[in-house]
Amino acid sequence: MGDTDGLWGLQEHLQALTIDELRTANWQRANEGVKPSKQTKPPKAMSRPGLGRGRDKNSPERIAKRKAALERAASRRQALARGEIA
């Protein structure tokens, strides 16, 4: 699935949607007539590129931002130690 650039086309999204719907239907059939306290957890949707709770924690952009923040903190600590900042 997907191109080399990591983006999905319409076909990939439709296929993922179909899989999600089938998994949900199977879960509903398996839990039909079962008390809610005894039911299994509903299936989670397939992860899709560009969707979800944000970018990957180890994406190149986030690694660069963390490195830049650490460098800023180190330079600030050095400036405090030299007395340049009060």
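Trainee: Why is Asp 20 called buried?

Mentor: Its relative accessible area is 11%, and buried means under 20%, exposed over 50%, partly exposed in between (1.4 Å probe, protein chains only). So Asp 20 counts as buried. Keep in mind that this is a predicted model, where local features need pLDDT of at least 70, side-chain atom pairs count only at pLDDT 80 or more, and totals for chains, interfaces and linings use all residues. Residues are numbered from 1 along each chain as its sequence is written, and side-chain values use heavy atoms, with hydrogens and water left out.

Trainee: Which residues is Asp 20 in contact with, leaving aside its neighbours within four places in sequence?

Mentor: Those are Lys 44, Ala 45, Met 46 and Arg 48. Contact means heavy atoms within 4.5 Å.

Trainee: Okay, and why is Ala 25 called partly exposed?

Mentor: Ala 25 has 23% relative accessibility, which falls between the two cut-offs, so partly exposed is the right label. Ala 25 is also 10.0 Å from Pro 42, C-alpha to C-alpha, with the two 17 residues apart in sequence.

Trainee: What about Leu 14: how do you know that it is partly exposed?

Mentor: Same routine: Leu 14 has a relative accessible area of 40%, and that lies between 20% and 50%, so Leu 14 is partly exposed.

Trainee: And what makes Lys 57 exposed?

Mentor: Lys 57 reaches 61% relative accessibility. Exposed starts over 50%, so Lys 57 qualifies.
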